[in-house]
Amino acid sequence: MIKPLTSLLLISVAICHFAAAADIRPDRELLYKEIDGVPLKLHLFEPADLKPTDQRPAIVFFFGGGWSGGTPKQFYQQARDMAELGLVAFSAEYRVRSRNKTTPFECVNDGKSAIRWVRAHAGELGIAPDRIVASGGSAGGHVAGATGVLSGYEEEGEDLAISSQPNLMILFNPVLDTTEAGFGAERFKPEQQTDLSLCHQVHPDIVPTIVFHGTADTTVPLENAERFTRLMQEAGNECVLVPAEGKGHGFFNGSFFRRRSDDVDYRLIFDRSVDFLRQHRYLSAL
């Protein structure tokens with residue numbers, strides 16, 4: 001049984017050097033999509049010893065911001081620390097309302113495009129195409145979750161023979177219900193309320209998932225995460241909920257993105273995420 005984060009011991013990952021929060025930059029940026037004149041890039045963090053012939057696991061992070069704003073920098077710290085462990089890590093750009101006048105549907109389109117692009121280019125990036133993790137927080141957690149849960153919403157013209165579904169999901173206080181019982185209902189027409197609502201679209205054969213959620217989250221109700229976890233398990237899927245006692249929305253952010261963070265919660269969550277990756281043998285070959 002999974003215990004709340006407050007009762008977990010803070011165990012340092014010996015082989016992981018947590019990046020200095022003051023100066024984190026991607027190794028390079030790769031264009032994965034251009035649509036309506038908008039270039040979208042993946043901010044790439046590579047292990048120091050990576051070779052193109054490697055078969056490394058990869059992780060793609062999606063930033064939060066209510067589908068309206070946000071920046072890939074939110075997950076630079078996580079991406080760099082995952083790269084230190086040996087994963088090929090990306091922090092993805094995607095279209096948002098404030099910059100691109102888009103809806104959550106385009107956000108999901110872009111998330112699926114990003115996963116598909118990574119899988120399509122796995123051979124040249126040293127990535128195992130069957131070990132791709134989708135991750136993200138808040139609305140970015142929704143985008144990541146949508147790549148693993150929702151059917152359809154693929155970008156027109158892409159090679160649908162290449163799957164846009166990840167092989168594992170790590171979600172941080174994700175938006176899971178887009179109706180009035182959750183978050184963001186005003187962003188959808190009445191007839192669209194459940195179209196992108198992950199709680200309403202659960203089905204068998206969804207990839208293994210871990211959800212981190214603060215018990216004091218007033219933005220995305222904890223009940224949504226509890227219900228999603230129950231529905232996933234009832235459908236025969238592996239889904240683990242890790243509650244963080246007394247923590248609010250965005251508690252997972254590290255000090256690079258939230259300067260006042262002491263990184264205690266960040267490291268607890270990072271260690272638990274690493275445990276999840278090890279349980280699924282994503283780190284066994286490293």
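## Buried and exposed

In this predicted model, 58% of the 286 residues of the protein chain count as buried. The chain still exposes about 12000 Å². Carbon and sulfur atoms supply 50% of that exposed area.

## Overall shape

How does the radius of gyration of the protein chain fit a compact globule? A compact globule with 286 residues would have a value near 19 Å. The protein chain has 17 Å, which agrees. Its C-alpha trace spans about 50 × 45 × 35 Å along the principal axes.

## Helices, strands and contacts

The protein chain holds seven helices and eight strands. Now take the contacts in the chain with a separation of 6 or more. Residues 24 or more positions apart account for 78% of them.

## Charges

The protein chain carries 29 positive and 37 negative charges. How far apart are the mean positions of these two sets? They lie 4 Å apart.

## A look at Val242

Where is Val242 found? It belongs to strand β8, which covers residues 239–244.

Is Val242 buried or exposed? Its relative accessible area is 0%. Buried means under 20%, so Val242 is buried.

Val242 also illustrates a pair set apart in sequence. Gly214 is 28 residues away from Val242 along the chain. In space, the C-alpha atoms of Val242 and Gly214 are separated by 8.6 Å.

Conventions
Residues numbered from 1 in each chain as written. Predicted model: local features only at pLDDT ≥ 70, side-chain atom pairs only at ≥ 80, totals over all residues. Heavy atoms only, no water. Helix = DSSP H or I, 4+ residues; strand = E, 2+ residues; numbered from the N terminus. Rg over C-alpha atoms; globule rule 2.2 N^0.38 Å. Buried < 20%, exposed > 50% of the residue type's maximum accessible area, 1.4 Å probe, protein only. Contact = heavy atoms within 4.5 Å. Areas by Shrake-Rupley, 256 points an atom, 1.4 Å probe, with all protein chains shown as cover. Lys, Arg positive; Asp, Glu negative; His and termini not counted. Charge placed at Lys NZ, Arg CZ, Asp CG, Glu CD.
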